[in-house]
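Work through the exercises below with the sequence and the structure side by side. Try each task before reading its solution.

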Amino acid sequence: AVPPLVEEQVNAVAGQGATPLLVCEGNQLAGLVVLEDVLKPGIRERFERLRAMGLRTAEGVDLARLEAL
């Protein structure tokens, strides 16, 4: 079972749009790794061009972060 504090951290990370990975050694929790997408300059324009071609964003894209650019 995942300790409540770790579960809170996992939920907080996921709630911010990142991907939490729990790392275990045997049956012991060894750590938490957080993966985040890096939004590069010009990404908004690239998405606009894709949308103009009829393509839509995939599920899981953090549109709030994209809109902030």
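The exercises go from the whole chain to one helix, then to a surface patch and a single residue.

The model is predicted: local features need pLDDT of at least 70, side-chain atom pairs count only at pLDDT 80 or more, and totals for chains, interfaces and linings use all residues. Residues are numbered from 1 along each chain as its sequence is written, and side-chain values use heavy atoms, with hydrogens and water left out.

**Exercise 1. State how many helices and strands the protein chain has, and in what order they run.**

Step 1. Helices (H or I, at least four residues) and strands (E, at least two) are DSSP runs, numbered from the N terminus.
Step 2. The protein chain has 3 helices and 2 strands.
Step 3. Read from the N terminus, their order is α-β-β-α-α.
Step 4. Of the 69 residues in the protein chain, 10% are buried (under 20% relative accessible area; exposed is over 50%, partly exposed in between; 1.4 Å probe, protein chains only).

**Exercise 2. Compare the span of helix H1 with the expected one, and find its buried side.**

Step 1. The expected span is 1.5 Å times one less than the number of residues.
Step 2. H1 covers residues 4-15, so its 12 residues should span 16 Å; the end C-alpha atoms are 16 Å apart, which agrees.
Step 3. Val6, Val10 and Val13 are the buried residues of H1.
Step 4. They lie on the same side of H1, because they cover an arc of only 65 degrees around the axis, taken from the directions from the helix axis to the C-beta atoms.
Step 5. These buried residues pack against strand E1 (19-25) and strand E2 (28-35).
Step 6. On the face turned away from the buried side are the exposed residues Pro4, Leu5, Glu8 and Gly15.
Step 7. Just after H1, glycine 17 has a positive phi of about 90 degrees.

**Exercise 3. Which residues make the nonpolar surface patch?**

Step 1. Patch residues have over 30% relative accessible area and no salt bridge (a side-chain nitrogen of Lys or Arg within 4 Å of a carboxyl oxygen of Asp or Glu); nonpolar side chains (Val, Leu, Ile, Met, Phe, Trp, Tyr) are joined within 5 Å, like charges within 9 Å.
Step 2. Val2, Leu22, Leu29, Leu32 and Val34 form the patch, of about 340 Å² by the Shrake-Rupley method with a 1.4 Å probe, where for residues only the protein chains shown count as cover.
Step 3. E2 gives the largest share, 3 residues.
Step 4. Leucine 22 belongs to strand E1 and is partly exposed, at 37% relative accessible area.

**Exercise 4. Which residues does valine 23 touch, not counting residues up to four places away in sequence?**

Step 1. Valine 23 is in strand E1.
Step 2. A contact means heavy atoms within 4.5 Å.
Step 3. With that exclusion, valine 23 touches Gln28, Leu29, Ala30, Gly31 and Val33.
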